[in-house]
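New to this one? Have a look at the sequence and the model first, and then we'll walk through it together.

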Amino acid sequence: LSLSGADFREAASYPSSATPVFMAKILSAKVLSRSDAVKKALELELDLSDSDHVQYEPGDAFSIVSQNSDSEVTWLIERLDLTDVAQKEAKICVKASAGTRDLSHLPEVWTPYGWLKYCCDIRGVPKKMFLRKLAECTSNPKEKRRMLELCSRQGASEYSSLIRENVVNVLDVLAAFPSCMPSLQTLLNGLLRLMP
């Protein structure tokens, strides 16, 4: 995918950003925290030479948004049988309507590959409501019943122990339930924004 700077900035605009979003190359990364630390601290050296007019002062915060991996996005596209349309421009309705989320973080016209690679968190834990929507796209009755159990009130403890605590994501769910075939629109409605 050839991604121009304008495409990326539109795809990755953030309401809290004080400046336009730009791409930068990581020149080096060094782990600063101990191996047993609760949070990993990194020292990153960024190449800002291609960015226009970067201004910052000591104490300013930088947010880094990493894109989803090519292999995971390709797996997802192949799994959902979207290979033929993955690189073709498509248009989606980004305004929320009854039963849909606001998708204004997505460029209205782009490719399915671009939306999944740069805009959607495919590694995040799916919410129960998203699992319910995925269950509606599942043709195997046993798989569908299991998904519905996980997102039911009675299945709350199982959802917590099996999904949340194990940080199961949509890729894992689709691998575990082979008859689940959501549409691209269902997927885009259920996946959260890729956050810094």
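Here is a quick tour, topic by topic.

This is a predicted model, and the protein averages a pLDDT of 86. A search of the whole structure turns up seven salt bridges, while the disulfide count comes to zero. Much of what follows is about helices H4 and H5, with a stop at the cysteines.

**How far to trust it**

- Of the residues, 88% have a pLDDT of at least 70.
- Residues 1-6 are another matter, with a pLDDT below 50. In the model this stretch has eight contacts beyond near neighbours in sequence.
- Where pLDDT is low, the predicted coordinates shouldn't be read in detail.

**Helix H5, one face in and one face out**

- Which residues of H5 are buried? They are Glu-143, Met-147 and Leu-150.
- Looking down the axis of H5, you'd find these buried residues within an arc of 60°, so they line one face of the helix.
- That fits a general pattern: an α-helix has 3.6 residues a turn, so residues three or four places apart point the same way.
- Over on the other side of H5, Pro-141, Lys-142 and Arg-145 are exposed.
- What do the buried residues of H5 pack against? Their partners are helix H4 (128-136), H6 and helix H7 (170-176).

**Two buried residues of H5 up close**

- Glu-143 sits in H5, which covers residues 141-150. Glu-143 is buried yet has no salt bridge.
- The nearest side chain of opposite charge to Glu-143 is that of Arg-79, and it is 6.4 Å away. A salt bridge needs the nitrogen and oxygen within 4 Å, so this pair doesn't count as one.
- Setting aside neighbours within four places in sequence, Glu-143 touches Thr-138, Phe-177, Pro-178, Ser-179 and Cys-180.
- Leu-150 also belongs to H5, and with 5% relative accessibility it counts as buried.
- With the neighbours within four places left out, the contacts of Leu-150 include Lys-128, Leu-131, Glu-158 and Tyr-159.
- From Leu-150 to Ala-135 the C-alpha distance is 10.0 Å, and the two are 15 residues apart in sequence.

**Helix H4**

- The buried residues here are Phe-130, Leu-131, Leu-134 and Ala-135. They cover an arc of only 145° around the axis, so they end up on the same side of H4.
- Met-129 and Glu-136, on the other side of H4, are exposed.
- H5, H6, H7 and helix H8 (184-190) are what the buried residues of H4 pack against.

**Salt bridges**

- As a rule, side chains of opposite charge can pair when their charged atoms come close.
- How are Arg-145, Arg-146, Glu-149 and Glu-158 linked? They are joined in a network of salt bridges.
- Within that network, Glu-149 pairs with Arg-145, with the closest N and O atoms 3.8 Å apart. The two are four residues apart in H5, so about one helical turn separates them.
- Glu-149 is partly exposed, at 31% relative accessible area.
- Arg-146 and Glu-158 also meet in a salt bridge, at 2.9 Å from N to O. This pair links distant parts of the chain, with Arg-146 in H5 and Glu-158 in helix H6 (residues 156-164), twelve residues apart.
- Both partners are partly exposed: Arg-146 has a relative accessible area of 24%, and Glu-158 has 32%.
- Elsewhere, Lys-91 forms a salt bridge with Glu-108, and their closest N and O atoms are 3.6 Å apart. Lys-91 is in strand E3 (residues 90-91) and Glu-108 is in the loop between E3 and strand E4 (109-110), so the pair ties together parts that are 17 residues apart in sequence.
- Lys-91 counts as exposed at 63% relative accessibility, whereas Glu-108 is partly exposed at 36%.

**Cysteines without a bond**

- A disulfide needs two cysteine sulfurs within 2.5 Å, and by that rule the count is zero.
- Cys-120 is in no disulfide, and the nearest cysteine sulfur, that of Cys-119, is 6.0 Å away. Cys-120 is buried, at 0% relative accessibility.
- Why is Cys-180 not bonded to Cys-137? The sulfur of Cys-137 is the closest cysteine sulfur to that of Cys-180, but at 5.7 Å it is too far for a bond.
- Cys-180 is buried as well, with a relative accessible area of 0%.

Definitions and conventions
Residues numbered from 1 in each chain as written. Predicted model: local features only at pLDDT ≥ 70, side-chain atom pairs only at ≥ 80, totals over all residues. Heavy atoms only, no water. Buried < 20%, exposed > 50% of the residue type's maximum accessible area, 1.4 Å probe, protein only. Lys, Arg positive; Asp, Glu negative; His and termini not counted. Contact = heavy atoms within 4.5 Å. pLDDT = per-residue confidence, 0-100. Arc of directions from axis to C-beta.
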